[in-house]
Amino acid sequence: MNRVVHPIEQESYRRLRARLDTSHFPPLTRAIVERVIHSAADLEYATDLVMDEGDLERAHTALHGGAPVVVDVEMVGAGITRRETVCRLRDAEAGPGLTRSARAIRLAYEQVGPGALWVIGNAPTALEELLTLNADPVLVIGLPVGFVGAAESKAALRESGLPAVSNVSEKGGSAVAAAALNALLYHPVPAEEKP
């Protein structure tokens, strides 16, 4: 199903591209960089984001093939359009050694198992917990925000070798994490891949 792009969004992208040349990025990387910048009005994401095009291609195929999408908070899920998400934060309680966000990640993994796309835009402890599990993710969009643990958790994600979208700085958040996933959702599926 083709997505109808609103004229305001079209103008926003025109202005973004007038201020920043993104033509050198591979297709899916460009889609994510542009959508994240569009969501935050922050051109610095062009040099702050870290991702691999091959990982994105595999994630794009899995996403359009129906792989589950897990989010750390409902706000991330609310920002993801055209797709149901799993969020177990309402069911989670903090416990010894685990924040509520970390416990929610465990509950979500118990529900979906391996092969999911994980979108973490709020809690560094959720990302840290995901890294302790043998979750075998298709992709981890790890963009939590904050001054405590955010940059460190994203560095640990990159060091883990898992397929990921992250950024180097402390910035991030629900809107940019949802935008990164939406970029993969909105990117066209090649004819030979369509289910």
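Helices here are DSSP runs of H or I with at least four residues, strands are E runs of at least two, and both are numbered from the N terminus. On that count, this predicted model comes out with nine helices and five strands. Reading from the N terminus, the order goes α-α-α-β-α-β-α-α-β-α-β-α-β-α.

**Overall shape and packing**
- With 195 residues, a compact globule should have a radius of gyration near 16 Å, and the protein agrees with that at 16 Å.
- The C-alpha trace stretches over about 50 × 40 × 30 Å along its principal axes.
- Buried residues make up 49% of the 195.
- Looking at contacts with a separation of 6 or more, 59% of them link residues 24 or more positions apart.

**Surface and charge**
- You get about 9,700 Å² of accessible surface, with carbon and sulfur atoms contributing 53% of that.
- There are 25 negative side chains and 19 positive ones, and the centres of the two sets sit 6 Å apart.

**A closer look at Ser 166**
- Ser 166 belongs to strand E5, which covers residues 164-167.
- Its relative accessible area is just 1%, so Ser 166 counts as buried, the cut-off being under 20%.
- The Ser 166 side chain makes a polar contact with the side chain of Arg 158, at 3.0 Å.
- Leaving aside residues up to four places away in sequence, Ser 166 touches Asp 48, Leu 49 and Val 50, then Gly 142 and Leu 143, and finally Lys 154, Leu 157 and Arg 158.
- Arg 158 therefore turns up twice for Ser 166: as a polar partner through its side chain and in the list of touching residues, where touching means heavy atoms within 4.5 Å.

Definitions and conventions: Residues are numbered from 1 along each chain as its sequence is written. This is a predicted model: local features need pLDDT of at least 70, side-chain atom pairs count only at pLDDT 80 or more; totals for chains, interfaces and linings use all residues. Side-chain values use heavy atoms; hydrogens and water are left out. The radius of gyration is taken over C-alpha atoms; the globule rule is 2.2 Å times the number of residues to the power 0.38. Buried means under 20% relative accessible area, exposed over 50%, partly exposed in between (1.4 Å probe, protein chains only). Accessible areas come from the Shrake-Rupley method with a 1.4 Å probe; for residues, only the protein chains shown count as cover. Lys and Arg count as positive and Asp and Glu as negative; His and the chain ends are not counted. The place of a charge is taken as NZ of Lys, CZ of Arg, CG of Asp or CD of Glu. A polar contact is a pair of N or O atoms within 3.5 Å; within protein, one must be able to donate a hydrogen and the other to accept it, and residues adjacent in sequence count only if both atoms are side-chain atoms.
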